[in-house]
Amino acid sequence: MGSCKRKEDAVEHNFDVIVVGGGIMGSCTAYQTSKRGYSTLLLEQFDLLHNRGSSHGESRTLRVTYPEPYYSSMVLESSKLWEDAQSQIGYRVLYPTNQLDIGQASDRSLQAAIQSCRSNSIEFRVLDHVQVSQEFSGGVVVPEDWIGVVSGGAGVIKPTKAVSMFQTLAFHNGAILKDNMKVTDISRDIHGCIVVSTATGEKFFGRKCVITAGAWMSKLVKVVTGREVPIQPLETTICYWKIKKEHERDYSIDGRFPSFAGYGNPYIYGTPSLEYPGLIKVGVHGGRFCDPDKRSWTPDPKLMDFLRKWVQEKFGGRIEHDHPVSAQSCMYSMTPDEDYVIDFLGGKFGKDVIVAGGFSGHGFKMGPVIGRVVADLMLHGEAKGIELQYFKLDRFDKNPKGNIKEFAEQVGTSKL
Ligand SMILES: Cc1cc2nc3c(=O)[nH]c(=O)nc-3n(C[C@H](O)[C@H](O)[C@H](O)COP(=O)(O)OP(=O)(O)OC[C@H]3O[C@@H](n4cnc5c(N)ncnc54)[C@H](O)[C@@H]3O)c2cc1C
């Protein structure tokens, strides 16, 4: 643990670990550090479980199929940690499904995902366009040059319930959670402590600090260090569509419909009917770049047009495609290569402040493993079992676009 040597004059403001941001990443980190016996404070700028960031709502996909093999292995660890947390709390937040990935047989991302299944010993089946239709009794229809990849180990996570679960477990471990506490600055004092200042005028002292500020990450890091981190907020929309009455069960989790993704530009994702009976979630993995404090709260019309057509074509006319019956705004935190940022902030903070952000629209499933990794980095200076080199900040110094990949980006923006 760090070298912070403060006198015990303000015990209630002194912590081993201060976590900035109460989304899934901050909540999982607070759970991990408190579980290991470290005094932990979590500060959230809005109400706990608010709807203004990235971790709220009714469903997120957990899938093992990733074009990058380093994510597939992380999902496998995360799945175990989801199970552990559920057994501790005594209720479920993760509902198992299969995953269906569809796309052109020649799609390089889809082929890379197949390869990544092979290298991680993940079981999967490849179906041609006829077999896709047969597998879902005509409920999924793809063009002749498309394939479907069915894999196991997937699921639907209930995000608000999941964040609440980790906050509750952290609280039971002794963590202190404070909401409506906007962090305005982070510095180091003469005792070597990390000082976290809030808009309420309070100061908290920590040996270690992690910034898990989601779409506000680049704003906060800029204030704290003057440094630009390439994490760009993007406003996106969660859409629910009405299933025609006679097909409701076919597309439901009880009817064994899988979570799914459509590879291409843009990438489409969805979950079986679960949270709202008779509705299925189908969304575009994309949106418009935004300022997290000045959002439009409206969908991107170009992406909505694309989505309507996709819903019409791919579900054999069994879903009402004219318009979604519910559309909710949410934010991604995009890096140029869509890889995460998990690193020490460095400079005067050395290894005492960590940033964990840029989850680029695919972080939720990883919350538990990110919490484990960030806690290891904070408490031991290193984390095993994860290929951290892909998540370092200095990759952008070497190449502003970050990690080089042989396939296209997955998140579409209104450049479309
Ligand atoms: C529509 C949508 C669908 C998605 N689907 C999937 C999916 O299917 N599968 C998947 O794995 N992932 C998915 N994701 C991505 C996933 O939800 C995010 O990667 C994840 O929630 C990011 O969590 P976070 O904790 O980094 O950010 P957040 O949840 O935004 O948490 C950051 C928190 O920090 C707080 N904060 C910021 N600044 C300060 C400050 N100065 N002081 C105090 N607090 C501060 C914010 O208020 C916020 O609560 C989806 C995201 C969206 C929007």
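**Note on the ligand shell, the two domains and helix α2**

1. In this predicted model, the shell around the ligand draws residues from both domain 1 (11–53 + 161–230 + 337–413) and domain 2 (98–152 + 232–334), so the ligand lies between them.

2. The shell counts 38 residues, of which Gly 21, Gly 23, Gly 53, Gly 214 and Gly 363 come nearest to the ligand. By class, 17 of the shell residues are nonpolar, 17 are polar and four are charged. Elements that each supply at least two shell residues are α1 (24–35), β3, β11 (232–242) and β16 (326–334).

3. On the domains themselves: the C-alpha centres of domain 1 and domain 2 are 30 Å apart. Their contact takes 19 residues from domain 1 and 21 residues from domain 2. The side of domain 1 that touches domain 2 is made up of eight nonpolar, nine polar and two charged residues.

4. Helix α2 covers residues 69–89. With 21 residues at 1.5 Å a residue, α2 should span 30 Å, and the 31 Å between its end C-alpha atoms agrees with this. Just after α2, Gly 90 has a positive phi of about 90 degrees.

5. Which residues of α2 are buried? They are Tyr 71, Ser 72, Ser 73, Met 74, Val 75, Ser 78, Ser 79, Trp 82 and Ala 85. An α-helix has 3.6 residues a turn, so residues three or four places apart point the same way.

6. The buried residues of α2 pack against three strands and three helices by name: β3 (60–62), β4 (94–104) and β6 (146–157), together with α3 (108–119), α5 (159–172) and α8 (367–380). One of these, β3, also supplies at least two residues of the shell around the ligand.

Technical notes: Residues numbered from 1 in each chain as written. Predicted model: local features only at pLDDT ≥ 70, side-chain atom pairs only at ≥ 80, totals over all residues. Helix = DSSP H or I, 4+ residues; strand = E, 2+ residues; numbered from the N terminus. Expected span 1.5 Å × (residues − 1). Buried ≥ 20, exposed ≤ 12 C-beta atoms within 10 Å, placed from the backbone. Contact = placed C-beta atoms within 7 Å. Near = placed C-beta within 6 Å. Nonpolar A, V, L, I, M, F, W, Y, C, P; charged D, E, K, R; others polar. Domains from an automatic or database assignment.
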